[in-house]
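Biologist: Could you take a close look at one spot for me, then work outwards from there? I have the sequence and the model open side by side.

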Amino acid sequence: MEVVGERGNLAGVGHILLVLSGKGGVGKSTVSTELALALRHAGKKVGILDVDLCGPSIPQMLKVQGKGVHQCDSGWVPVFVDQDKSLSLMSIGFLLEKPDDAVVWRGPKKNALIKQFISDVTWGELDFLIVDMPPGTSDEHISTVESLRPYKPLGAVLVTTPQECTNLFSKGGGEELARHAGVPFLGCVPLDPQLTQSLEEGRDFIQEFPKSSAFPALTYIAQQILDRTSPQGS
């Protein structure tokens with residue numbers, strides 16, 4: 001007989017979405033951050049779980065670096081980005097003495113921290129929990145997916161660039177890769193200096209740069225996710 005345990009601190013989370021990339025430096029954490037902001041501006045309550053142990057950059061992108069993580073009876077309390085507590089973040093970056101410190105740990109210690117992040121953060125009620133994964137493929141990915149499997153994640157967003165596919169595809173490689181794998185292609189985000197600026201300064205790109213060329217691409221991706229989670233889209 002299979003016994004299904006309680007959802008614990010994830011009991012109030014509606015949908016879990018993983019964001020991955022085949023390597024670092026392709027904009028994975030950027031997509032995680034902007035997707036969270038777009039969903040928040042669509043009226044959703046969103047959490048970000050930053051398990052990118054190689055480079056936890058999201059605290060800086062949301063201008064909450066240096067914030068302290070507090071504990072309650074149920075576990076760790078995430079850092080709230082806004083006053084109305086509609087966007088929250090938990091990141092290993094909050095546990096480092098210096099934001100730029102390298103995380104040089106063996107695999108078992110990394111996996112133990114990821115499992116603790118998944119089970120011990122008190123998210124409360126969320127519409128979406130976005131999990132920013134480490135780049136590449138590693139034991140941490142397996143550990144994260146196995147820990148989240150009982151909670152039935154909505155799916156995963158793979159962030160790529162045409163350069164990653166040059167041996168197989170030409171321009172439009174990401175779209176061709178999606179077609180080859182039989183998964184939906186959500187969109188293409190153009191490189192935009194305003195997007196880079198907002199991330200460096202910890203500003204809300206979705207709110208402040210609606211005329212940017214990247215704005216419609218990011219909001220379109222968010223809308224597709226909303227459509228897939230609506231009663232009509234499910």
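What relative accessibility does R40 have, and does that count as buried, partly exposed or exposed?

Modeller: R40 comes out at 22% relative accessibility, so it counts as partly exposed. Buried would need under 20%. Keep in mind that this is a predicted model, and every value here is computed from it.

Now look at what R40 does with its charge. It makes a salt bridge with D82, and the closest N and O atoms of the pair are 2.9 Å apart. R40 sits in helix α1 (residues 28–41), while D82 is in the loop between β5 (79–80) and β6 (87–91), so the bridge ties together parts that are 42 residues apart in sequence. D82 itself is buried, at a relative accessible area of 13%. As a general point, side chains with opposite charges can pair when the charged atoms come close.

Stay in that loop for a moment. K85 is found there too, between β5 and β6. Its phi is positive, about 60°, even though K85 is not a glycine. In general, most residues other than glycine have a negative phi. The charged end of K85 sits over the ring of F80, 5.0 Å from the ring centre. At 45% relative accessibility, K85 counts as partly exposed. There is another lysine with a positive phi: K63, near 60°. That one is in the loop between α2 (58–61) and β3 (70–72), and with 58% relative accessibility K63 counts as exposed.

Back to the charges. Searching the whole structure gives six salt bridges, the R40 and D82 pair being one of them. R203 is worth a look here. Its side chain meets that of E201 in a salt bridge, 2.9 Å from N to O, and R203 also forms one with E208, where the closest N and O atoms are 2.7 Å apart. The three residues are partly exposed: R203 has a relative accessible area of 27%, E201 is at 39% and E208 is at 36%. Elsewhere, K28, D52 and D132 are joined into one network by salt bridges that share partners.

What about the inside? The largest nonpolar core has 36 residues, and L35, L39, L62 and F205 have the most contacts within it. Helix α8 (residues 214–229) contributes the most to this core, with seven residues. Take L62 as a way in: leaving out residues up to four places away in sequence, L62 touches T33, L37, I48, V81, L87, L89 and G202. Next to that list, note a second, separate core of 23 residues, which includes V13, F117, W123 and M133.

Rings come next. Two aromatic pairs turn up in the whole structure. In one, the ring centres of W76 and F117 are 5.4 Å apart with their planes at 85°, so the pair is edge-to-face. W76 belongs to strand β4 (residues 75–77) and F117 to helix α3 (residues 107–120), so this pair ties together parts 41 residues apart in sequence. W76 is buried, with a relative accessible area of 10%, and F117 is buried too, at 0% relative accessibility. The other pair is F205 with F209: the ring centres lie 5.7 Å apart and the planes are at 25°, so these rings are stacked. Both of these phenylalanines are buried.

W76 shows up again around T122. T122 is in the loop between α3 and β7 (126–132) and is buried, at a relative accessible area of 18%. Not counting residues up to four places away in sequence, T122 touches N9, C72, S74, G75, W76, V77 and P78.

Finally, zoom right out. The protein has eight helices and eight strands, and 46% of its 234 residues count as buried. Among contacts with a separation of 6 or more, 74% are between residues 24 or more positions apart. The accessible surface comes to about 12800 Å², with 51% of that belonging to carbon and sulfur atoms. To return to your starting point, partly exposed R40 reaches across 42 residues of sequence to D82.

Technical notes:
Residues are numbered from 1 along each chain as its sequence is written. This is a predicted model: local features need pLDDT of at least 70, side-chain atom pairs count only at pLDDT 80 or more; totals for chains, interfaces and linings use all residues. Side-chain values use heavy atoms; hydrogens and water are left out. A salt bridge is a side-chain nitrogen of Lys or Arg within 4 Å of a carboxyl oxygen of Asp or Glu. Helices (H or I, at least four residues) and strands (E, at least two) are DSSP runs, numbered from the N terminus. Buried means under 20% relative accessible area, exposed over 50%, partly exposed in between (1.4 Å probe, protein chains only). Contact means heavy atoms within 4.5 Å. Accessible areas come from the Shrake-Rupley method with a 1.4 Å probe; for residues, only the protein chains shown count as cover. Rings of Phe, Tyr and Trp (its six-membered ring) pair if their centres lie within 6.5 Å; planes under 30 degrees apart count as stacked, over 60 as edge-to-face and the rest as tilted. A charge sits over a ring if NZ of Lys or CZ of Arg is within 6 Å of the ring centre and within 35 degrees of the ring normal. A nonpolar core is a set of buried Ala, Val, Leu, Ile, Met, Phe, Trp, Tyr and Cys residues joined through side-chain atoms within 4.5 Å.
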